[in-house]
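Reader: I am new to this structure and would like a close look at a single part of it. Please choose one part and explain what surrounds it.

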Amino acid sequence: MKPCDFNRWIVRPIRELHLGARRIADGDFDYRLTANTNDEMAELAVDFNQMTERFQAIKADLDRQVQERVQQLIRSERL
């Protein structure tokens, strides 16, 4: 494998995954990886995106629960 092939097939996808993981860690749950290959890196990108979608759904559910609790507290304070 030539050095430029190694960079294209190994280093660049790992770098993109790393940067994507950082964005997700910073709270950017809308971020999705793209994969232009049909190899393990593409499978990893699909799994990463599914994990991110799950994080997004969990966060939305938690936000909804917090809003419900706040509304309950406001109602109980009025009584």
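Author: What follows goes from the whole chain to its second helix, and then to the residues that this helix meets.

This is a predicted model, in which local features need pLDDT of at least 70 and side-chain atom pairs count only at pLDDT 80 or more, while totals for chains, interfaces and linings use all residues. Residues are numbered from 1 along each chain as its sequence is written, and side-chain values use heavy atoms, with hydrogens and water left out.

The protein has two helices and zero strands (DSSP runs numbered from the N terminus, with H or I over at least four residues for a helix and E over at least two for a strand). Its radius of gyration is 20 Å, well over the 12 Å that the globule rule gives for 79 residues, so the protein is more spread out than a compact globule. That radius is taken over C-alpha atoms, and the rule is 2.2 Å times the number of residues to the power 0.38. The C-alpha trace spans about 75 × 20 × 10 Å along its principal axes. Of the 79 residues, 14% count as buried (under 20% relative accessible area, with exposed over 50% and partly exposed in between, for a 1.4 Å probe and protein chains only). The accessible surface comes to about 6500 Å², and 55% of that surface belongs to carbon and sulfur atoms; the areas come from the Shrake-Rupley method with a 1.4 Å probe, and for residues only the protein chains shown count as cover. Among contacts with a separation of 6 or more, 47% are between residues 24 or more positions apart (contact means heavy atoms within 4.5 Å).

The part chosen here is helix α2, which covers residues 40-78. Asparagine 49 lies in this helix. With a relative accessible area of 12%, asparagine 49 is buried. Leaving out residues up to four places away in sequence, asparagine 49 touches Arg32 and Leu33.

Leu33 also belongs to the largest nonpolar core, which has six residues: Ile24, Phe29, Tyr31, Leu33, Ala45 and Phe48. Such a core is a set of buried Ala, Val, Leu, Ile, Met, Phe, Trp, Tyr and Cys residues joined through side-chain atoms within 4.5 Å. In soluble globular proteins, nonpolar side chains tend to be buried together. Alanine 45, a member of this core, touches Leu33 and Ala35, again not counting residues up to four places away in sequence.

Arginine 32, the other contact of asparagine 49, forms a salt bridge with glutamate 53, and their closest N and O atoms are 3.8 Å apart. A salt bridge is a side-chain nitrogen of Lys or Arg within 4 Å of a carboxyl oxygen of Asp or Glu. This pair links distant parts of the chain, with arginine 32 in the loop between α1 and α2, glutamate 53 in helix α2, and their positions 21 residues apart. Arginine 32 is partly exposed at a relative accessible area of 27%, and glutamate 53 is partly exposed at 42%.

The structure holds five salt bridges, and some of them lie within helix α2 itself. Lysine 59 pairs with aspartate 63, the closest N and O atoms being 2.9 Å apart. These two residues are four residues apart in helix α2, so about one helical turn separates them. Lysine 59 is partly exposed, with a relative accessible area of 38%, and aspartate 63 is partly exposed at 39%.

Arginine 64 forms a salt bridge with aspartate 61, with 2.5 Å between the closest N and O atoms. Arginine 64 and aspartate 61 are separated by about one helical turn because they are three residues apart in helix α2. Arginine 64 has a relative accessible area of 40% and is partly exposed; aspartate 61, at 31%, also counts as partly exposed. Salt bridges with shared partners join Asp61, Arg64 and Glu68 into one network.

One further contact concerns the other helix. Tryptophan 9 is in helix α1, residues 3-25, and counts as partly exposed at 35% relative accessibility. Apart from neighbours within four places in sequence, tryptophan 9 is in contact with Thr37, Asp39 and Met41. Tryptophan 9 and aspartate 39 are 30 residues apart in sequence, and their C-alpha atoms are 9.5 Å apart in space.
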